[in-house]
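The following questions ask how each label is earned from a stated criterion. The structure is shown first, and the exchange follows.

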Protein chains: 2
Amino acid sequence: MKILSQNTAFGGMQGVFAHDSDACKCEMTFAVFVPPQAVLERRPVLWYLSGLTCTHQNVMEKGEYRRMAAELGLIIVCPDTSPRGNDVPDELTNWKMGKGAGMYLDATQEPWAENYRMYTYITEELPALVAEQFRVDMDRQGIFGHSMGGHGAMTIALKNPERFRSCSAFAPIVEPSTADWTVDAFEKYLGPDKAKWREYDACALVADGARFPEFLIDQGSADSFLENGLRPWLFEDAIKDTEIGLRLRMHERYDHSYYFISTFMDDHLRWHAERLG
Amino acid sequence: MKILSQNTAFGGMQGVFAHDSDACKCEMTFAVFVPPQAVLERRPVLWYLSGLTCTHQNVMEKGEYRRMAAELGLIIVCPDTSPRGNDVPDELTNWKMGKGAGMYLDATQEPWAENYRMYTYITEELPALVAEQFRVDMDRQGIFGHSMGGHGAMTIALKNPERFRSCSAFAPIVEPSTADWTVDAFEKYLGPDKAKWREYDACALVADGARFPEFLIDQGSADSFLENGLRPWLFEDAIKDTEIGLRLRMHERYDHSYYFISTFMDDHLRWHAERLG
C-alpha cells in the first residue's frame, strides 16, 4: 500500500492510499479518515460509496464527515467508483458507463469482465487490506453512500447482513435495473438476461428474499434525478410486506449535490454510530 | 449581478454570483452563503479572503463553514483572490504573482495597475453590491481569511477598524513585505519604494499606528510555509507595546491545507459571532 497523502484533521488523520488490486487488475486509490480514538483502540469502520463520475476525492473534500467522525470515533473509508488506468476499457463520452460508473457489481461481459469487479473489490479485497493496515474493528462495520453509491451500499448490505450492522443512503438508486440512467450499464456489464441483474438491485433483492434490519434514506425533493433515476418510493413498496425498517426523509428544496449530502452527513454518522456501538 | 448557481444547504442557500467590476475592470465571481435566519431579518456578514492560487470556490467546497454559519445566522461572503479573464495581465508560470495572487492591494505599477485593485474591490465595490443584493446588516461585519487572505483580513481590519467588529486568520502572512513568497509581488505591484508597501503589511501598519481591538490566529506547526512565509511571532512582537489583543494558537501536526482550516472553522465562526452580536 502506497501513501499518497496524509493530513491532520479534527485531531485525526485523513489519508489517501493506493494499491495494486487483484480484483480490478489495476492500481486503485482510496481515502481513509482515522479518528483520534484509534490511537487507543480499534474503532468501527464505515464504508462510504460515491456516486457516478466521482472518485474517492469528492466526498473527502466536500462531504464534511470528519468533524462528526472524529467526535464519534468512526473510521471512514471512501473507495473509488470504478477501476482506473489507461488499460481499463471505458466509454469516453458516456458518464453513466465505464470509468466512474462501476455500479458496485462484478461484470460478466466483455470487455468489462476483466477489470469491472467492484463488488468483489468492495466486499473482499479492500476490507482485507483495510483490516490489515488500520486499527479497525471489523465486527463493527456500517455502509452508506450517495446515488449510485447508495445503490451499492443498499445492495451490499442486503447481500451481507451478517457483516454490516448499519446501512444508510443519500438519494440512492433503489431499482437500477429499471432506472433511466443505469439500464444501459447493467446490460453492458451483465448481459441481456435481466434475471442476472436482480442481485444488484435493492428492490429485486428484497423481492427475492434478501433482508436487512433497517435503512435510513435522505432524499431531496428538488433532485433532478428523483423521478427517473432514484424513485425511493419503489423501495418503500418493495419492503411493504417485510420486517425491513425504513426511515425515508424527503427534504424540500434540496438537490443531488454535495450541499445536500453535507447537510445530512451528521445525521447519517449518528445513525451508524448508534448501531455500531 | 448574474446568478451562476444556488444550492440549498443546512437550511440556507449557497450561491455563486458574477458581476462586472469597475474596480478590477473585468467580470468577478464570488460566493455567498445565506443562513436560514436571513428570511426573517438582516444578519451579520463575515468576509472570508482566500489564499494564493484559490478562487471563491476552494473554501466554498472545502472550508466546512455552512453548518455553523447556519446555526449562528452568519452571512458568509467569499470573493475571488484576483481579477480574472483573458485581458488581465498575468505571469503564467508564477503562482505567487498575477491571477490568484492579488494580495488584497491596489497596484500602482504597469501592467498591473489597471486591473489589480483588490483592496478597492473588497472594501468598496463588493460591499456595496452585497449590501444591495442580500439581507445583510452592514453595521455588523467581520473579516477573516487564510494565508494571503489572512494578510488581507488583518490589513483591511487594521485600516478600517470602524467598519469591522471582528477579525481572525488561519495561518496569515503577517509581514508580506519581508516574506519569501510575497516580496516579489509587492515590488511588481507597488514599485521599489518600500515605504509604499507598509500600508499593506500588518506588522508595519501596527508600527505606523494602526489599531484593531483583537485578533484570533490559528497556525499549524507542521505548516511548510511557517518559517519563511507566515511567521506569526512577528505580529506578536509588533503588537507588544500596544493595546491590541492577540489569541495566537499553535497546533501541532497541522499543515497549511483546508484540512487545517476546516478543523478550526467552527472556532472562528464563534469568535466572530460573539463579537458581531
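A residue is called buried under 20% relative accessible area, exposed over 50%, and partly exposed in between (1.4 Å probe, protein chains only). This is a predicted model, in which local features need pLDDT of at least 70 and side-chain atom pairs count only at pLDDT 80 or more, while totals for chains, interfaces and linings use all residues. Residues are numbered from 1 along each chain as its sequence is written, chains are lettered from A and ligands numbered from 1 in the order in which they are written, and side-chain values use heavy atoms, with hydrogens and water left out.

Q: Why is Arg275(B) called partly exposed?
A: Arg275(B) has a relative accessible area of 21%. Partly exposed covers the range between the limits of 20% and 50%, so Arg275(B) is placed in that class.

Q: What makes Arg275(B) and Glu274(B) a salt bridge?
A: A salt bridge requires a side-chain nitrogen of Lys or Arg within 4 Å of a carboxyl oxygen of Asp or Glu. The side chains of Arg275(B) and Glu274(B) meet at 3.5 Å, N to O, and therefore satisfy the limit of 4 Å. Glu274(B), at 61% relative accessibility, counts as exposed.

Q: How many salt bridges does this rule give over all chains?
A: The count comes to 34 over all chains. Between chain A and chain B the count is two.

Q: Why does Arg66(A) count as bridged to Glu64(B)?
A: The closest N and O atoms of Arg66(A) and Glu64(B) are 3.4 Å apart; the criterion is within 4 Å, so the pair qualifies.

Q: What makes the relation between chain A and chain B that of a two-fold axis?
A: Two copies of a chain are related by a rotation about an axis and a shift along it. Superposition is by least squares on the C-alpha atoms of residues with pLDDT of at least 70 in both copies. Chain A can be laid on chain B with an RMSD of 0.0 Å by a turn of 180 degrees and a shift of 0.0 Å along the axis. That is the relation of a two-fold axis. The same surface serves both copies, since 100% of the contact residues of chain A recur in chain B.

Q: How many residues form the contact, and what area is buried between chain A and chain B?
A: With contact taken as heavy atoms within 4.5 Å, 21 residues come from chain A and 21 residues from chain B. Buried area is the accessible area (1.4 Å probe) that two parts lose on being put together, summed over both. Here that area is about 2,100 Å², and carbon and sulfur atoms give 45% of it. Thr8(A), Glu64(A) and Tyr259(A) supply 33% of the area that chain A buries against chain B, more than any other three residues.

Q: What makes Lys188(A) and Asp184(A) a pair within one helix?
A: Helices (H or I, at least four residues) and strands (E, at least two) are DSSP runs, numbered from the N terminus. Both residues lie in helix α5 (residues 183-190) of chain A, four residues apart, about one turn of the helix. The closest N and O atoms of this salt bridge are 3.1 Å apart. Lys188(A) at 29% and Asp184(A) at 35% each count as partly exposed.

Q: Why can the salt bridge of Lys188(B) and Glu91(B) be said to tie together separate parts of chain B?
A: Their side chains meet at 3.0 Å, N to O. Lys188(B) lies in helix α5 (residues 183-190) of chain B and Glu91(B) in the loop between β5 (75-79) and α3 (118-133) of chain B, so the pair links parts that are 97 residues apart in sequence. Glu91(B), with a relative accessible area of 22%, is partly exposed.

Q: How do you know whether Asp218(A) is buried or exposed?
A: At 0% relative accessibility, Asp218(A) counts as buried. The residue is placed in strand β8 (residues 214-220) of chain A.

Q: What makes the approaches of Asp218(A) to Arg249(A) and to His251(A) polar contacts?
A: A polar contact is a pair of N or O atoms within 3.5 Å; within protein, one must be able to donate a hydrogen and the other to accept it, and residues adjacent in sequence count only if both atoms are side-chain atoms. The side chains of Asp218(A) and Arg249(A) are joined at 2.6 Å, and the side chain of Asp218(A) meets that of His251(A) at 2.6 Å. Asp218(A), Arg249(A), Asp267(A) and Arg270(A) are also linked in a network of salt bridges.
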